[in-house]
Each structure stands twice: as structure tokens, then as C-alpha cells.
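Thanks, everyone. Please pull up the structure, and we will walk through a few places in it.

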Amino acid sequence: MKKMINKLFVATIFSIMLSGCGGSGEQELNLEKTIDSETGREMIGNMYVEGLPIVKEPATFTLFAAKSGNDKSVSQDEKHILTILEDNTNVRFELEEVASNANEKINLLLAAGSDLPDIIYFWPTESTVINNTAHLFEFTDEILREYAPNLVAQLEANVPNGLDMLRKADGKIYSLPVGPYAEYANSAQSIPLIRKDWLEALDLEMPTTTDELYNVLKAFKTQDPNGNGKADEIPLSFCQENAQHKHFNFAGPWGIAGRNGHDWENYFQVRDGVVVPNLDTQNFKDYLAYMHKLASEGLLDVEGFSLTYSQYKARINEGAVGMIVTWMETDDIWAPVPVLTTPGYEGQEAKIGQKGYRTTNLNGFMITKSCEDPLAALRAWDYLHSTPNLKRIARDGNEGILWVENPDGSATVREIAQEELPANIVSKTELNYTIALRGMGPIIFQHEIAKPDLNAEDLSMDALRYKYVPMYEPYFNTEFLPQRPMPSNKLTELSLLQTEVEAYMNGFIADSIINGLSDEQWEEYLKQLENVQYYEWIQFQQDFLDGKF
């Protein structure tokens, strides 16, 4: 039957100019609205302006995505949320997944400027985005408010700066957020854990000062706490390859703590709006001296400077290590270590972390100019934001598998026994990635996330973190650099400065902890800080904090 379509009003065609370092381009949107005589619904092309389904004739959008090693799915249809999306919207998101080097591959595609997917859907670097805006659809405020009302309303209700959070340095929006905005469990970035069974075996108390920790580690080294008659214990270990396990996580007693464990975040602190250097202070020098003392007596695993993460985990799993910093361990042999005090620095104690630490990726969902119906793609993405349960399904699969809804509308994580796992799945984590999008779902806020079961017989990692985070929150710093985009030229400038500073500091810190640091070496080091442009790097951070770019 011939479809009768009546014109609602005169066609409006407008252009959005997109520009970037890679060039510039123009994309026209035909916003001519019509009435579908079959349904009486308002349309633009094949897309209904409101309601479900989103499109009249089925539409498929290709999504360039990175596939996690934990994802054991054979077909994307195993991901429950994608089936729900298609059934309710008539829109299919077709994942084009790559298992490695996703950022490199999308950069090559963007450089070519052709054969682009409809949607870029993973965690690209900031430079990848701002250098390629010529190929990206611009989400104007008007477009977002009309065609992504759920997302906009939630951002404005939960984020202090609302849509402004998404703007690049040119004031435009090219990407939308994915994943949890700020999970409570993420606020303390690394948890220091100690073998409580070793403490009990040696009749030792939980250390509360750095002197007490030294004595405990000394006992771990010399008194055979694992009881095997061998001197095979590693009292304290770390791993520079992974931010959750880096050495700076031990610097809190000296007042050194950043937003997270990445080394550069601990090179400075923000106090009363001023970026203050950490690396030229007596605090830092004394921290290095303490770590050298541990290393010189075999109490610190100095191989942590070169260990791979898998090697580090193997040492922990073999039961050879007495104290670590980590995301979390569920074995009940571990207990959290409080924030320690150290002589001369009482009252300066700090912990790496940030209350309300933002983890959502602002560049997770981008529509390219190759997409023939960007508004329909946007509406489909917005649909996933329409209820908390849709977000939970996107993050963790259908209700009843990894989460359950409570009578008050909240949700609780459901613990799953090993025997409940599918045949090809060996862990709850693998199941999560296989049936859901995990951290790549729509932006989800704390009150919507399924909370861990704190009453379970065996507490999960998240449950333990919920339990332990309160003891560290009072020690978080309260001022940090803003999390906002930089212009492309400033990103390049920062990269050049930071590469030089980090390269020097990596060698200096490792050498100072392993071999020690004399007063003469310290004075020479202070001169080298100027040579590697550390203070120019500090000024760069100050200018960024002050909004000069």
C-alpha cells in the first residue's frame, strides 16, 4: 500500500560546521518534519520524533568497539541490552569489535577520512577526538535537548556543570559519556592490605605508624610467618606497571597523595588554588629515605620497578607477599592498613583518592559524519538512558543473573556460585563482560548502580571496598585540577613537558630507593628538576587550573 505522508511544515535545513586540526567539513541535517498517516506520529525521514519505536523501517548503525579479553561472547546478541534495544526501537547497533590497538586503528581510519563506522564506541584518547573533529558529528545543545532528553536531564540533575562537562576547548560537543559517573568504591584508588594471618602468627598488632610498619615488615622477613621453615617471604611489594599498585601509594604518611596512583598525579598538590610542587620538598626526600631503608634491608621488593602485572599477581597468589596495595583481594587472609603517621609529619597524613572520583569516559560515544541518520542513532543511545533498569541491564545483564531489583527501586548485586556459570565462563567477571557492556554502557549514577551485598557470607571485592573506603575518605585531598579538555596545541605541549619530567623521575626514584640518596645527590637532583622543566610543567598545570586555556 502506498504510504501517505503529509507535510507538517516547510522544510528547515541547517548546517553544522565542524572543525579540527585534521581539517574542516560541513554536514547538513534535513529537519523536515512530516506526519505518518499510518500512525499519526511526527517524523523526520525514517525517524519518529518521539516515542517508540524510534524508526519506522529497521535501521542498523555500525559501532567501532574494543573487545575485552574477558568477553567470551560469540555473537553480540548475547548482550541482553542490544536485543532489548532492537526489539523496542527497531534500531540495531552492530558492533565491529577489535581485540587490540583500538586507538591506533581508529586513528588510522580517521586519518583516511573514509569507510568510517557510524559510531565510535570505546575509550579513545583526548587527542584522537580533538584532532579529528572534522569527521565527527557536533551535538548542539538544541539537538541534545530535543533528541536526547533523558541524557540531558540526568546530566543536569547529577553533574554540577551539566552539558558544559562535555564541551571541548572550542566550546562544542562531539562525544557523549559512557559508564559509571562516580562509583563510591572507586573513591579510594588503592587499598593497602596486609596479611593478617602473618600478623597473628607472629602475635603482632596492625601497624599505625611507619616505625611500626618497619618493625612488622622486619618480623615478616626474619620470623618465618608462613611457617614453611624457609626465608622466602617478601614483606612488601608493588608494581609500577599498574596505577593501582605503584610506589606512590605508600607516600601518604608524608602528605603526598594525588587524585589517583598515576605518578604524575603525585608530583604536585593543589592548595588554596595554587599548584604546589611535591618533588622538591623535604617530605619527598624523607619518603625516599624511608623506602630506601626498607629496600636496603630486603623488606621492599625492588623488582616492583620492573615486574609485569601478571608477575606481581603471581607473587601474591603464591602466598609469598606480606603487604600490598591493590584494588582489592577477597581472600580473608588480608586486612586493610590504616593511613599511617610518620615522625615529624603528624597531621599531614594523606591518601590517594578523591571523593566522587569521576570515572565516566567523556569520549565513549561519538557519531561520525559517515552516519546517514545521526538523529536516529542519538535517539537510540538516549533510549538506553530512559530507566535505571535499562542502565543496569547494559552494565550487568538481565535482572536475576548478576543483580536484583529491590522493592524501593534500588538494586543489589547478586552473588553467583561457580557452578552457576556457563560452561565456557570461568569467572563472574567474564560472565559480566559476555552478557553486558560493563563500563561501556550509558552513563549511570551512584543511586542507579546495583550496590554490593554487604551481608553476603563471602564479600565481593566491591563489597569490601564499600566497607573499607570510609576509613580513608577523611585523608583525601579536597582540591584537584579540573577534569576538562585542553586545546590540541596545549595537549601537545603538555605531552612534551610531561614525557621529559616522567622519564627523569622514573630513573631518579628507582635509583634513590634502591641505592640511596646523599645530600649531595639531592642538591644535584634539585638542579636537574630545573633542567627537565619540572617548574615549567608546574606552571602549565597552574595555567590550566586558572582557566587560561
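**A loop glutamate, a strand arginine and three helices**

Start with Glu448. It lies in the loop that links helix H12, residues 428-435, to helix H13, residues 461-468. Keep in mind that this is a predicted model. Is Glu448 buried or exposed? Its relative accessible area is 5%, so Glu448 counts as buried. Which residues does Glu448 contact, leaving aside neighbours within four places in sequence? They are Gln154, Pro388, Lys391, Arg392 and Ile443.

Next, Arg195. This one sits in strand E11, which covers residues 191-195. Arg195 has a relative accessibility of 8%. The cut-off for buried is under 20%, so Arg195 is buried. Its side chain makes a polar contact with the side chain of Asp197, at 2.8 Å. Now look further along the sequence, not counting residues up to four places away. There Arg195 touches Phe220, Gly319, Val321, Gly322, Ile333 and Trp334.

Phe220 takes us to helix H7, because Phe220 is one of the buried residues there. H7 runs over residues 210-222, 13 residues in total. From first C-alpha to last it reaches 18 Å. That is close to the 18 Å expected at 1.5 Å a residue. Besides Phe220, the buried residues of H7 include Thr210, Leu213, Tyr214, Val216, Leu217 and Ala219.

What covers them? The cover includes E11, the strand of Arg195. It also includes helix H6 (196-201), strand E12 (234-236), helix H8 (282-296) and strand E15 (321-326). After H7 comes Asp224, and its phi is positive, near 50°.

Now take H7 and H8 as a pair. Their axes come within 11 Å and cross at roughly 10°. Angles under 35 degrees count as roughly parallel, so H7 is roughly parallel to H8. The crossing of H7 past H8 is right-handed. Which residues meet there? From H7, they are Thr210, Leu213, Tyr214 and Leu217. From H8, they are Tyr290, Lys293 and Leu294. Thr210, Leu213, Tyr214 and Leu217 are also on the buried list for H7.

Last stop: helix H10, residues 374-383. How many of its residues are buried? The count is 10 of 10. Apolar names there include Leu375, Ala376, Ala377 and Leu378. Arg379 and Asp382 are buried in H10 too. So are Pro374, Ala380, Trp381 and Tyr383.

That is the tour. Questions, please.

Notes
Residues numbered from 1 in each chain as written. Predicted model: local features only at pLDDT ≥ 70, side-chain atom pairs only at ≥ 80, totals over all residues. Heavy atoms only, no water. Helix = DSSP H or I, 4+ residues; strand = E, 2+ residues; numbered from the N terminus. Buried < 20%, exposed > 50% of the residue type's maximum accessible area, 1.4 Å probe, protein only. Polar contact = N/O pair within 3.5 Å; in protein donor to acceptor, adjacent residues only side chain to side chain. Contact = heavy atoms within 4.5 Å. Expected span 1.5 Å × (residues − 1). Axes fitted to C-alpha atoms, helices over the stretch in contact; angles between N-to-C directions. Parallel < 35°, antiparallel > 145°, perpendicular 65-115°, else oblique. Left-handed = near helix turned anticlockwise from the far one by under 90°.
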